[in-house]
Amino acid sequence: MNRIAEQLTLSASDNPNNQLDGGSSNTCGTGVQFELASGNNPAAFTQQYTDVKSEKDARIKMDHGTTTLAFKFKHGVLVATDSRATSGNVIASQSVKKVIEINPYLLGTMAGGAADCSFWERVLGMECRLYELRNKKRISVAAASKLLANLVYRYKGMGLSMGTMVAGWDESGPGLYYVDSEGQRVVNDLFSVGSGSTFAYGVLDSHYRFDMSVEEAKDLGRRAIYHATHRDAYSGGIVRMYWVKEDGWVAYPLEDVGELYFRYHPEIKLTHAAESPLTAQRAA
Amino acid sequence: MSYDSALTIFSPDGHLFQVEYAQEAVRKGTCAVGICCKDSVILGVEKKAALKLQDSRTMRKIHRLDEHIFLASAGLVADARVLVDMARVECQNHRLTVEDAPTVEFISHYIASVQQRYTQSGGRRPFGISTLIVGFDPNNTPKLFQTDPSGIYYQWKANAIGRNSKTVHEFLEKHYAQDMSESDGIKLAVKSLLEVVQTGAKNIEILVITKDGNRTPNIQEIEQTIKTIEAEKVEEAEKKANKRKPATPA
């Protein structure tokens, strides 16, 4: 539960089994106990030793190099990410899994700190399962994303770095939320997160339509990731794509962006949108 | 050794006497009845006679927990107040974290959990109330749940709590029909309350909840319903009398 709800609810203080928050409430109760950094102000302590903005080399740098995207369309939600991890100027890995399978019908993407994303999304998976058992129905995407947002809000200012999209299908259709460690939680039909997001947005915004077919959506996602990896040094590797439909998500075979270059590069030379095959596809 | 003074001690034959005594307190409270109909749910309560100098508007027996969830209690009114407030906070908490309206089952489970918690801690006594929780789920199905001081909760098609609840419940078992209309439901609620409320319409309060809202029939409507019920009773009695009369020879 978030801090405000915690103050207002009476159950937290009553429950002798209380750990982090009111375990008797069905809405949220994380059993995760956390050792915070010693001292009174963990946030200030952490800030001394981590730094994103300045170039001071002595500090721990958090990597945000990535391109992840997700968009809702008529047939569900398409999620696509790259797979490169960088430490400074070194490519640490080209095969990172940036899509986290929370449960068979919910996906989360990873941008920012890999450990933060994967840990908290696994905790989210546990909470979603508990919700299902307590309430005898699947959790909605809105509720799942809110749980995640409230979980990380408790650590606001303490150095968590996470920009994730929660995608799924619930009773009200396809759902997509963006949640980050600053406490932001917004809903939209289309998101792209990471250092390559600007490039991906360019491609997505030019060709996105809600009533795309599944094949068109896959092509759009693949293209957007490809173009981001082409221009952003911190994105690359392979395209991981998932389609979330009514009965759960399906994962697609991986595609190396190096090979996609030969597929898409000739098209970049086209200067007129009219000559683009995507436009021809749309007109057809 | 007396086993009834401490809450956290079982008696040798497996009773928690404090809980049972709380249930006795419930049996002293005014009656409340709940009935699920096809598209509505009816809550009827026995209103205690307002004393002359008292403002009767401040004597609330039916409390609203959320948009479409209402609660009626029988037993200690002060305990009801506390529990109702806890439930209201929990409803809003649910809306805040899950971004959706709570189901009737959810809030009944919560209230029952609170009541159960107070049967298992030291230094506390159980809540001296049973509740009837009625309302509509987000998928527009009418629901009725009942909780009691032991912390159990069950779903019912129709039930009664409080004074003479056994009589009313037996009456409901005899006369309840599946998928009743709203007016039939109101009639049944009034009829069943009349079994125990002798003084008529001014001591009966009805709340009708539909998926779109709720309304409180005013006293004239209840009086009209009572008149209809009496008329029907007279008809029934006449029919029975005619059956008993021997057929006139042709």
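Start with chain B, whose secondary structure comes to 6 helices and 10 strands; helices (H or I, at least four residues) and strands (E, at least two) are DSSP runs, numbered from the N terminus. The model is a predicted one, in which local features need pLDDT of at least 70 and side-chain atom pairs count only at pLDDT 80 or more, while totals for chains, interfaces and linings use all residues. Residues are numbered from 1 along each chain as its sequence is written, chains are lettered from A and ligands numbered from 1 in the order in which they are written, and side-chain values use heavy atoms, with hydrogens and water left out.

**Chain B as a whole**

Show the C-alpha atoms of chain B: along the principal axes they fill a box of roughly 80 × 50 × 40 Å. Of its 250 residues, 47% count as buried. Buried means under 20% relative accessible area, exposed over 50%, and partly exposed in between (1.4 Å probe, protein chains only).

**Strands β8 and β1 of chain B**

Select residues 158-161 of chain B, which make up strand β8. B:A158 and B:A160 point one way, B:N159 and B:I161 point the other way, and all are buried. In a regular strand the side chains alternate between the two faces of the sheet.

Add strand β1 (residues 32-36) of chain B, which runs antiparallel to β8(B) and is joined to it by 4 bridges. Two strands pair if DSSP finds at least two bridges between them. Within this pair, B:V33 stands opposite B:A160.

**Helix α5 of chain B**

Move to B:A189 in helix α5 (residues 182-194) of chain B. B:A189 counts as buried because its relative accessibility is 0%. Select B:L172 as well: the two residues are 17 apart in sequence, and their C-alpha atoms are 8.6 Å apart in space.

**Salt bridges**

Over all chains the structure holds 24 salt bridges. A salt bridge here is a side-chain nitrogen of Lys or Arg within 4 Å of a carboxyl oxygen of Asp or Glu.

Stay in chain B and select B:R95 and B:D66, whose side chains meet in a salt bridge (3.0 Å, N to O). The pair links distant parts of the chain, 29 residues apart: B:R95 is in helix α2 (residues 77-98) and B:D66 in strand β3 (residues 62-66). B:R95 counts as partly exposed at 30% relative accessibility, whereas B:D66 is buried at 8%.

Now go to chain A and select A:K98 with A:D82, a salt bridge in which the closest N and O atoms are 3.0 Å apart. A:K98 lies in the loop between β4 (90-93) and β5 (99-103) and A:D82 in the loop between β2 (76-81) and β3 (85-87), so the pair ties together parts of chain A that are 16 residues apart in sequence. Both A:K98 and A:D82 are buried.

Next select helix α7 (residues 214-231) of chain A, where A:D219 and A:R223 lie 4 residues apart, about one turn of the helix. Their salt bridge has its closest N and O atoms 3.1 Å apart. A:D219 counts as buried at 14% relative accessibility, and A:R223 is buried at 9%. Extend the selection to A:R222, A:E255 and A:R263, which are linked with A:D219 and A:R223 in a network of salt bridges.

**Last stop: helix α6 of chain B**

Return to chain B and select B:K239 in helix α6 (residues 219-244). B:K239 is partly exposed, with a relative accessible area of 48%.
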